[in-house]
Amino acid sequence: MAGLGYQAEDTIFALSTGIERAAIAILRVSGAGSRDILLQICGEVPAARKAVLRKIWKNASIQDDLLDEALVLWFPGPHSYTGEDGFELHLHAGPAIIRAVSDALVNAGARPAEAGEFTKRAFVNGRMDLVEAEGIADLVAAETEGQRKQALAQVEGALSQLYSGWSERLKKILAFQEALIDFPDEDLPPEVEENINQDIQKLQSEMQQHIADGEHGERIRRGVVFAITGPPNAGKSSLLNWLTGREAAIVSSKAGTTRDALEITCILAGIKVTFIDTAGLRETDDEIEAEGVRRALFHVKQADCVLQMFPANELPEDIFPGAVLVGNKADLGKIPQILDGKDVLAISLKTGEGLPELHNFLKSKVEDLTAASVSGAPLLTRARHKAGVQDAMQCLQAAWQQEWPELRGEELRLAMRALGRLTGHVGVEDLLDAIFGQFCIGK
Ligand SMILES: Nc1nc2c(c(=O)[nH]1)N(C=O)[C@@H](CNc1ccc(C(=O)N[C@@H](CCC(=O)O)C(=O)O)cc1)CN2
Ligand SMILES: Nc1nc2c(ncn2[C@@H]2O[C@H](COP(=O)(O)OP(=O)(O)OP(=O)(O)O)[C@@H](O)[C@H]2O)c(=O)[nH]1
Ligand SMILES: [Mg+2]
């Protein structure tokens, strides 16, 4: 806590725009010293949240060393992103300007911010909860529509409301539970205990559903992974190249061409999708190829969906559980419509036969793998959320099994605590570095 107290008094700054060639660069400053620093480099403090054009100096009072002419925005706390006093300088981008103004800020008493430190301050100052803050990191990182929508809903509080709603309900249950403890001999209606049990069970089943759907939220966030497997020469690398629209993998008629697993990412149905091309599966004395086969099997195990390919002339003997069967080289021979009771997608990467159907199939597979079971329900997006909800569920399970009302009350309190740690309303000091350390500098 001492560290946090000290840091909170620092005034921090960071370049908050990208580092590529750009027209404008924003330096963002936050902390108690902001007003004095702004006075030193700008000579005045403009009206709150109004952009004004001003000269920026190393020392404005003596008009020493003109650094740039910039748009200046003053954000007095608590009406700012972080909740503290702060300001922004919208500078002409350029490494020399950014360096010179940064030096002037340090000279005036600011220090460079750590990764995620602005948002960490926003959290500490009660401007947002932990789940919303995680949403901000995801929003900035979002590359697809699916990621953007999910992250934005999280920033807007959809997931936080779900968790705090559960917490509120637990609080009510706990109040009734405590009535049972405090007035055991009073004439409480008999349905009180029954209602408590029902409410606990209802919460448990909602949490169970949330965790089951959560896999979908995590997939939207990190991307759906397809592993392409099958014997050598099935056309796996040809399929990868077609799917991603470029000659990413080497294709040849020599069996055992692919050894390393090759991951290519693209966007399908607004969702980030990774296809992994792998070494053809066969017994081999070649040490390198054997390692390739080992890695192929690893990816088959990890993937969200396995595309098991085979060429028309070599039907598969073993079918991976849950795999999608793709029969290739339909131009060379007939491909069965069904194998082992499973539908087969027949394609030819040479003639293009079956490829539009395969594309549609993959699109709907991606939708299935990322859809919420209740439409509009916010999905959990991180292992941390899953672990927190699981903790809460275990406590509810324990409460349910407790005969002693006092112990039951204790389990209910622990369940509330688990939800409170999720949103950051209780005891999360130990989590903050891990969470905010993953942000970029300047956020
Ligand atoms: N230039 C700039 N653009 C940005 C940000 C920023 O900090 N600066 N943001 C940051 O990442 C995001 C916007 N988020 C923000 C959230 C709250 C406040 C803020 O000052 N809120 C005050 C005043 C609101 C008002 O003027 O009505 C408040 O809520 O009290 C500013 C930005 C995206 N775009
Ligand atoms: N006739 C025909 N040939 C195909 C078709 N698809 C791929 N091929 C050919 O089959 C050979 C093997 O293709 P690859 O894509 O390298 O096969 P792979 O499954 O990646 O093979 P490994 O990397 O060795 O495991 C190449 O010569 C391709 O041109 C097809 O639909 N029809
Ligand atoms: Mg290959």
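In what order do the six strands of the open sheet lie? In this predicted model, the order is β3-β4-β5-β2-β1-β6, and the pairing within the sheet is mixed. The edges are formed by β3, which spans residues 52–59, and by β6, which covers 111–112, each of these strands pairing on one side only.

From the edge strand β3 one can step to β4, residues 64–75, since the two strands run antiparallel and are joined by seven bridges. Within this pairing, Ile56 has Asp68 of β4 as its bridge partner.

Two helices can then be placed against these strands. Helix α2, made up of residues 34–42, lies across β2 (24–30), β3, β4 and β5 (86–92), and it runs at about 85° to β3. Helix α3, residues 95–107, also packs on the sheet, where it touches β1 (12–15), β2, β3, β4, β5 and β6, and its direction makes about 75° with that of β4.

The surroundings of ligand 1 come next. The residues around this ligand are Ile26, Arg49, Phe75, His79, Ser80, Tyr81 and Glu88. By character, the shell divides into three nonpolar, two polar and two charged residues.

Stepping back to the whole protein, the chain is divided into domain 1, which comprises residues 12–127, domain 2, which is assembled from 156–213 and 380–421, and domain 3, which runs over 221–369. Between the C-alpha centres of domain 1 and domain 3 there is a distance of 52 Å.

Notes: Residues numbered from 1 in each chain as written. Chains lettered and ligands numbered in written order. Predicted model: local features only at pLDDT ≥ 70, side-chain atom pairs only at ≥ 80, totals over all residues. Pairing = 2+ DSSP bridges. Helix = DSSP H or I, 4+ residues; strand = E, 2+ residues; numbered from the N terminus. Contact = placed C-beta atoms within 7 Å. Axes fitted to C-alpha atoms, helices over the stretch in contact; angles between N-to-C directions. Domains from an automatic or database assignment. Near = placed C-beta within 6 Å. Nonpolar A, V, L, I, M, F, W, Y, C, P; charged D, E, K, R; others polar.
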